[in-house]
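Reader: Could you walk me through this model and tell me what stands behind the terms you use for it?

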Protein chains: 2
Amino acid sequence: MDYNRITPEILFEITAVVGNENVLTQRSEMENYSHDETEDLHFYPEVVVKPATPEQVSVLLKLCNQHLIPVTPRGAGTGLSGGALPVKGGVLLAMERFNRIIEIDEQSLQATVEPGVITEVFMNAVAQKGLLYPVDPASKGSCFIGGNVSHGSGGPRVVKYGTIREYILNLQVVLTNGDIIWTGANTLKYASGYNLTQLMIGSEGTLGVVTKIVTKLIPAPTQDVLMLASFPDNNAACAAVSAIFRAGVVPSALEFMERRGVEWVIAHDGIVFDLKDDAGAFLLIEVDGTNQEQIFAECEKINVVLEEFGCKDVLFADSSAQKEELWRMRRVMGISVKSNSVYKEEDTVVPRAELPRLIKGIKETGARYGFESVCYGHAGDGNLHVNIIKGGMSDEDWNTKLKDGIREIFELTVSLGGTLSGEHGIGLVQKEFMPIKYSETHFSLMRSIKAVFDPKGILNPGKIF
Amino acid sequence: MDYNRITPEILFEITAVVGNENVLTQRSEMENYSHDETEDLHFYPEVVVKPATPEQVSVLLKLCNQHLIPVTPRGAGTGLSGGALPVKGGVLLAMERFNRIIEIDEQSLQATVEPGVITEVFMNAVAQKGLLYPVDPASKGSCFIGGNVSHGSGGPRVVKYGTIREYILNLQVVLTNGDIIWTGANTLKYASGYNLTQLMIGSEGTLGVVTKIVTKLIPAPTQDVLMLASFPDNNAACAAVSAIFRAGVVPSALEFMERRGVEWVIAHDGIVFDLKDDAGAFLLIEVDGTNQEQIFAECEKINVVLEEFGCKDVLFADSSAQKEELWRMRRVMGISVKSNSVYKEEDTVVPRAELPRLIKGIKETGARYGFESVCYGHAGDGNLHVNIIKGGMSDEDWNTKLKDGIREIFELTVSLGGTLSGEHGIGLVQKEFMPIKYSETHFSLMRSIKAVFDPKGILNPGKIF
């Protein structure tokens, strides 16, 4: 696709829509918008534009569509697959001014928010009403809810509460022709034609620009217990995961961390933790609810399972400070690797019971290709994040051979019934691996759906396929 | 669209695919396939074909696509919107031979089933393993899980456990060109391109033919309490619904029944029930879990709310026989109206707190147009089924004026933030009302998506739009 460059005339029109102060053209001003959290990738747009209303987005999209200018929508730029990188230049559509919580409806337990609201800000506003919006990616303190929608985001509580797909009821979306639609209705159930809401979720900004989000809310749990269980090795910890569900318990979080990950955050992030010699891997397990007896009964069931799988030690967090510290250990693991090493992050997901095979295969592949990895993630969902660390690998091997290793990991993931990404999306960096899982027929359907919404291909080009 | 008729040559080819015994051409044999549970509508196909493998479906679709023969996929024929009616003739693709439960994976808590499995048969098979597949439409004893997928079905337990959308992980689908694909992966999370699984759910057999279904399973609750609360009037009962959630409780069922519905099933279905004079409306409330203390605490909270909203009497079911009888009262309500009167059924859904306004409006519309209605449904989801009874309405009014009344009901539904159907689908009979809610832009997107999957328009023509 040959896109056009932004001419001074087009820039003038853009500026007329959003005002001078919401258009950035200097390279220095645009630096923050040239990358996300994906490796060390940088792509500069020709211009950063910050609209504040659906109507402004409508005029901008129409204009860019007419002139064949690429448009890359961007949330907070916390993505891990390069989805928000303006790889073809053009307009970077920064959604940060869409930052209003429009309504929290305590009667129907729904909320309407703009896509540029920080996820945790929204969660806290909802919590103040005694309600829960449970979709909490690790980056919740900085990511936008709009980005969460675009990536079909998850987080630790998916295991009990479901992914963002189960909380998004309706979306206001601007199409490339400038039309503004609502994808569905503000209802908990929907059987009124193709579900455009669900199609939009996880489409990574390639089908339309989301400008309003209606979410479902639920009553908040009033108490929780957090425990950290240590196991002799990865295999034992991963095998315990599916046994916990078979014991009849659905924890509100069930996170896996390998020893290497804990060592890493102790070394780099000032985490204070008494790491015993025989602790090979950990499960961080949260049980929540509204009734103490019930929670304790569930913990008891979990304990029985943990022992069966060789768990040596269970640490119960006995204060909210200790809970926060254990969660911080888990949450910083990804960012810690990113900040301290050249790295690549993969987001594998398999059926829950296949986790032991997956992690074993990842380590074997690493041994064969000479890379180290830090593995952790939402084990309860079968979702394992793999941080590959350059370590002693030569630049040449890192730039050439590593790809074959990653390919092997994805081939294993797919052979176990899984797929390439559970919550990070495909974006720019994973698209080359898509053919491992998907056929030409599948691609052809996706490409044709793309063409329905964006016939000229101006929206977030170069992503997914 | 001008379709072709099935010639003897084409019939010969069809028969060669599935065998003589799986092709019906006599009108008498096809009677059962000429209707579903929607009003008194009958449409005969030219031929009923019963494939048993994805490969057979593939050959059949390819053949029909080549010859421009309409193909209408059909589950158990329990639909309430005419979705399975072969309105353009052609092939009725009866999926009843796809009746195997292929695997219940107790390790990963997933199952793989064929679309022609009866929902309750599947639920029971899963329950025998101590697991729960909670999607239980009223017709669960006869409907197929494939039909549930096609309609995005719900049922009473959606309110706690979510709709079928949250339980379908992956679908094997045959496309009109004969290609067989899996729409996703067997994983609890999915961020790997457009979610074709979710697009397929609720598409009413217009995009492809589902031949295998991978579902999520969850640990089964071990106990429940069922109570029937009576209120002075519809408004009080409906208003209590959203207050129950605000009190921090999510019941596993929260069903509304108006007095007229209870009178109706007492009169027609041998239901024995002591209907008090001051009982104007009912909520049937189920709370489930694994811990008795927790369940009782939740019931206590619910009781406080019920009293606040003027509830006069709460009946606790104290045996499984009594539970079954209360559930039967709710379940037969729809079929009772269908069996004893000329009727039309609408499937309105609104944000939960708008229920009182919705039911008030429905009754006012009825009074104005001279029709009686029996209202009941999944109040916890804001999903109200409206059975319109012909009663004393003249044939002429029934056939002409009633439509305006229904239109008014849908206009009200939409004005309250709702939509035309929460779980029954649009099918044939609701499509004329779709423009009340959806714009030409929305239709155009849906039509174009349809064309991506089925460029010649052979699959279930005449439905949704």
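Author: Gladly, and contact is a good place to start: it means heavy atoms within 4.5 Å. By that rule, 86 residues of chain B are in contact with 85 residues of chain A. This is a predicted model, in which local features need pLDDT of at least 70 and side-chain atom pairs count only at pLDDT 80 or more, while totals for chains, interfaces and linings use all residues. Residues are numbered from 1 along each chain as its sequence is written, chains are lettered from A and ligands numbered from 1 in the order in which they are written, and side-chain values use heavy atoms, with hydrogens and water left out.

Reader: What makes the relation between chain B and chain A that of a two-fold axis?

Author: Two copies of a chain are related by a rotation about an axis and a shift along it. Here, a turn of 180° and a shift of 0.0 Å along the axis lay chain B on chain A with an RMSD of 0.0 Å; that is the relation of a two-fold axis. The superposition is by least squares on the C-alpha atoms of residues with pLDDT of at least 70 in both copies.

Reader: How do you know whether the copies meet through the same surface?

Author: Compare the two lists of interface residues: 99% of those of chain B are also interface residues in chain A, so the copies do meet through the same surface.

Reader: How much area do chain B and chain A bury between them?

Author: About 6500 Å², with 59% of it on carbon and sulfur atoms. Buried area is the accessible area (1.4 Å probe) that two parts lose on being put together, summed over both.

Reader: Why is the pair B:E423 and A:K189 called a salt bridge?

Author: The term asks for a side-chain nitrogen of Lys or Arg within 4 Å of a carboxyl oxygen of Asp or Glu. B:E423 and A:K189 have an N to O distance of 2.8 Å, so the pair meets the cut-off. The rule finds four salt bridges across the interface of chain B and chain A. It also finds 30 residue pairs there in polar contact, both residues at pLDDT 80 or more. A polar contact is a pair of N or O atoms within 3.5 Å; within protein, one must be able to donate a hydrogen and the other to accept it, and residues adjacent in sequence count only if both atoms are side-chain atoms.

Reader: Which element of chain B gives the most to the side that touches chain A?

Author: Helix 15 of chain B, with nine residues. Helices (H or I, at least four residues) and strands (E, at least two) are DSSP runs, numbered from the N terminus.

Reader: What makes A:E364 partly exposed and A:K360 exposed?

Author: Buried means under 20% relative accessible area, exposed over 50%, and partly exposed in between (1.4 Å probe, protein chains only). A:E364 has 41%, so it counts as partly exposed, while A:K360 has 52% and is therefore exposed. Their side chains meet in a salt bridge of 3.3 Å, N to O. Both lie in helix 12 (residues 355-369) of chain A, four residues apart, about one turn of the helix.

Reader: Why do you say that B:R331 and B:D136 tie together separate parts of chain B?

Author: Their side chains meet in a salt bridge (3.5 Å, N to O). B:R331 lies in helix 11 (residues 320-340) and B:D136 in the loop between strand 7 (131-132) and helix 5 (145-151) of chain B, so the pair ties together parts that are 195 residues apart in sequence. Both residues are buried.

Reader: How do you know whether B:E258 is buried or exposed?

Author: B:E258 has a relative accessible area of 6%, under the 20% limit, so it is buried. B:E258 is found in strand 13 (residues 253-258) of chain B. Leaving aside neighbours within four places in sequence, its contacts include B:N234, B:K363 and B:C375.

Reader: What makes the phi of A:E204 worth a comment?

Author: Most residues other than glycine have a negative phi. A:E204 has a positive phi of about 55° although it is not a glycine. It sits in the loop between helix 7 (196-200) and strand 10 (209-216) of chain A, and at 4% relative accessible area it is buried. A:I464, also not a glycine, has a positive phi near 70°; its relative accessible area is 0%, so it is buried.
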